[in-house]
Each structure stands twice: as structure tokens, then as C-alpha cells.
Amino acid sequence: MQDYEESLSFLGTWGPFQKRVFYLLGLTIIPSGYNLLCVIFLLATPSHHCSIPHHSNLSHDWVQAIIPVQFNLVCSDQWKQPLSSVFYFLGGLLGCFVSGQISDRFGRKPVLFGAIIALSIFSSALAFAPSWPVFVVLFFMLGLGQLTCYIVVFVLGSEILMGSTRVIFSSLCLPWAYVFGELMLPVTSYLLSNWRHLSLAMAVPGLACIPLWWLIPESPRWLVSRGRIQEAELLLRSAAVENRVQVPHNIVFSARVEKPTSEKAQSANFLDLLRTPNIRHITLILWFIWFSNSVCYFGLSFNTSSLYGNPFLNYFLLTAVELPAYAACWLAARGLPRRQSYVSFVLLGALALLLIQLTLNSQPVFTLILVLVGKFGLLAGTGVLYMYTSELSPTVIRTTAMSTCAMFSRVGSSLSPYLLQLAVFYQFLPWIVVGALSLLSVVICVLLPETFRQPLPDTIQQVAVTQRFRWPWASAPPLKDDGKSAEDTTVAPEVICTTCL
């Protein structure tokens, strides 16, 4: 949207209105982080015997406290345990596919609070599941809202906030609040040994966020893109009063966005990501990178149980390492190219994971250090990937593009519970698969165009051209017919993208 941020410059970047949005959106992401890896603690398998002697003294309370024991997800029915995790991630896949298009059509705010309410309702209902089939259905519904909440908060904050405030929110505030929610889960699980009590506790953060509906505004940028100019002006004038700044007599937006064209409204759908060869190449590459990153991230998380030491402490350390990872992502976002940043971070993580083969059996402490370094690299690379994806995607389908990428990440997370099963064939095979996928994502990332300090594409036709593999001795591509290079014909900047995770 040309001149959109220039039209809103009278608001400033860090007034009372921006502070309210900044902190409240940080609170709304906590329920999503709190529920992210609930599968690890809800489906943890304790030490057990497939044949229990009659003279054994097992309490009924112990049996009822653990899902794999109560629903018989062990021994001959052990296959049901990873399948339960798959249903949770498939729910996230469906949520990503649907929520992106709904958000682009009906607004960011309704989808955000709908996802938060879904998290609270289905986590509460989970505590009363009488059987495994009912548990799986409710687990699937719980997954619907988890990643949807994160994606919509990311987009909403990026569209409301501007300038340096947007960078700090997207790269530090949002992920750190998300990690805070993740860190709450092992503490709660340690205090509540019964899985039904833990399920009820998982609903509390979402219920606490519901009153924020009356404090968090809709995205004015989205309102303008839908032609609802009067609503956007009313919201912005209210923000100006809150910031105690003078409002221009007329808030003038670009003439192109003041008219709600049917072409723009109809372009926000899934198939537009495959419409032209250029955006199709970018989309397919991004889908694979998101898929491989998710397999690696959740594969590391599920492999926590195989590491030496206290599982609660290991999970806490693997979650806490995300804080410096996101800080490194923020530093890279300020002055380094996106492609170079992603390749460097993920390459570091991949090498650390491949070296685990040398220390897994003999050096448990060094193994844990390598796992932490590997997750640091993967998480920092994932942070750059969020930013990279939003800069590569055109404005008219940005939420849809990010949601489809998140959908493929859920495909990867659905496969990750089965990584542990590969150890049956070869002990180090899960770590080799994770490291190899990371290396492959680094290789194909080179084919993506660079977006650092480049204009953000507004339409599908303005998407940057993908890189083509060319031998060093091959001739350079010919210039355009008018004698100008592709760089000279780049469209004029409309919105400089500063959003990142």
C-alpha cells in the first residue's frame, strides 16, 4: 500500500496506543506457547511392564494419572501414542489452511480470539475424555487453534505497529512471550502429576486473554485493503487522541487502496500462490524449507526423552535456549541479508546435530551441549525464515502465504513423532535425518531472491525473480529489451518490510 505508513506518520511509533498494542499482543501469544508441546507431557510414557503380576501393588490413582497407562497406549498398542501426536499436528495443519483465508477476508481480530477460545474450550474438554478415540478427536481440535493464534498475532502486530517498534515486537517481544508460555508448561507439569489436572490448567491462559477483545484493535491496514476507509479513519483518530497528537483534517491513503476492487478481494486465495511460474517456484521452495525446519525442531523436542538427565530440566533448557536464538535473529535482522543469515544459522545447527553421533553414548554432557547448539541454530534460522517469508510474499495474500507455509510445517511436525522409531534400525539415524534435512534446506535456500532492504511486493506481478543455478563459466543473462537490467526495473518501494520473528 503506497504511502500508507507515510499517511500515518502523525501517530508516531511509540505512543500510548502503540504501547498498549505492543504489550497486549504479547500477552495473547502466551496461550499458544503454553500449548505448543503439551504432547510431550500429556503423552509421556513412564516405566512400565507389559505383564503385571497379580501380587503387584499398583495404585488406581497412578494408573489414572498417566494417559499412556489409562488408555493403554503401551506394549501392543504403543502405536497409538505417536498417532495421537499426529492428530494434534494435523489439527494445526487444518487450522493454518483455513485461518489464513478467513483472516484475509473477515479480519485478524476475530480469527485471533476465535483461536484463543478454541484453545481454552478443547483443553478443558480434554480433561473429561473417557476413552482414547474421544481424546484424539479433542486433541485434533486443540491443535486447530495453537499455530493459528501465533500466525495471526504476528500479522496483526506487524500491520498495526510501524518502524523500529514493529521490528522489536516481531523479533523480540513476540517470540520471548511465546517462549515464556513454553517455559510455564514444564513447571506446571512438574507440579501437577495428573494429566487431567494439567489439561484444565492449559485452559487458564486463554480464558485470561478473552477480556483483551475490548482492548486490542483491528488492523487498520487490513481495513483499508478491504475498502473500509471510514472504519480505518475512526480507529486512527481514536489512536491519535490516545497519543495526544493532532489529527490531520483528512487522512489521505493511496488512491489505489481507497477503492475496494474486486480483483484484490478475489486474489486472496490458496491457488494464487501457484498462479505464475515465479511465485510458484518461491512457494514450493518455502514449503519445503518450512517442512524440513519443522521436522528438525519437533524431532529435537521429541528426542529430549532419549537424552541423559532429568527430562523436565532438559526440556526447560531446550526451551530457554530459544531466548538467545531469537535475540541473535533480531541482531541479524538489523543489518544482515536474509539468505546469508538463514544459511549461517541453520548450517551451524546442522553441523552440531551431525556431530552428536560422536558423543551420544560416551559424553552425555557434550551431547546435551550439541543439542542446545543445534536447536539454537534451527530456532534462529526459523526466526529469519518468518521474516524472509513475509518479505517474499505479496501484500494481497501475505497471511494466506504464511498460513500455507505453516500448514506444511505442520506436515513436518506430524511426521516428527516417528523419528524416534528410526532408532530401531540404527541408533544415530534420527540425528542423521535431522541434520541432513537441515543441510538440504540450506542448499535450496540459495535459489531464493534476496529481500534485505528491498521493496515489499504488493501484487503477485511484483514478486522478486528466483535465482537460477548457473555454472560459473555460463554467460550472464541478457538485458531487457529497453536496455535496462532487472535491477533497474525494480518497482518503486511501496512499503519497506521490517517485520520479522
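A nonpolar core, as I use the term, is a set of buried Ala, Val, Leu, Ile, Met, Phe, Trp, Tyr and Cys residues joined through side-chain atoms within 4.5 Å. I am working from a predicted model.

**Entry 1: core**

I looked up the largest nonpolar core and found 133 residues in it. The residues with the most contacts inside this core are L112, F135, F139 and L448. I then asked which helix gives the most to this core. Helix α9, residues 132-160, does, with 16 residues. As background, I note that nonpolar side chains tend to be buried together in soluble globular proteins.

I took L112 for a closer look and set aside its neighbours within four places in sequence. L112 is then in contact with L25, T28, C149, V152, V153 and L156.

**Entry 2: salt bridges**

I searched the whole structure for salt bridges and got five. I wrote up three pairs.

I started with R108 and E159, whose side chains meet in a salt bridge at 2.7 Å, N to O. R108 lies in helix α8 (residues 108-126) and E159 in helix α9, so this pair ties together parts that are 51 residues apart in sequence. Are the two partners buried or exposed? R108 has a relative accessibility of 5%, and the limit for buried is under 20%, so R108 counts as buried. E159 has 13% and also counts as buried.

I went on to R338 and E391, where the side chains form a salt bridge at 3.1 Å, N to O. R338 is in helix α20 (residues 338-354) and E391 is in helix α21 (residues 364-392), so the pair ties together parts that are 53 residues apart in sequence. I checked burial here as well: both R338 and E391 are buried.

I also noted the salt bridge between E231 and R228, with the closest N and O atoms 2.8 Å apart. E231 is partly exposed, at a relative accessible area of 39%. R228 is partly exposed too, at 33%.

**Entry 3: helix α14**

E231 is within the residue range of helix α14, 229-243, and I looked at that helix next. α14 has 15 residues and reaches 21 Å from its first C-alpha to its last, close to the 21 Å expected at 1.5 Å a residue.

Which residues of α14 are buried? I listed I229, A232, L235, L236, A239, A240 and N243. Seen down the axis of α14, these buried residues fall within an arc of 140°, so they line one face of the helix. The general rule I had in mind is that an α-helix has 3.6 residues a turn, so residues three or four places apart point the same way. On the other side of α14, I found Q230, L234 and V241 exposed.

I also checked what follows α14 and found R244, which has a positive phi, near 60°.

**Entry 4: cysteines**

How many disulfides does the structure hold? I found zero. I looked up two cysteines for burial. C173 counts as buried at 16% relative accessibility, and C329 counts as buried at 0%.

**Entry 5: G383**

I returned to helix α21 for G383, which lies in it. G383 is buried, with a relative accessible area of 0%. I took its C-alpha distance to A332 and got 10.0 Å, for two residues that are 51 apart in sequence.

Technical notes
Residues numbered from 1 in each chain as written. Predicted model: local features only at pLDDT ≥ 70, side-chain atom pairs only at ≥ 80, totals over all residues. Heavy atoms only, no water. Buried < 20%, exposed > 50% of the residue type's maximum accessible area, 1.4 Å probe, protein only. Helix = DSSP H or I, 4+ residues; strand = E, 2+ residues; numbered from the N terminus. Contact = heavy atoms within 4.5 Å. Salt bridge = Lys/Arg side-chain N within 4 Å of Asp/Glu carboxyl O. Expected span 1.5 Å × (residues − 1). Arc of directions from axis to C-beta. Disulfide = S-S within 2.5 Å.
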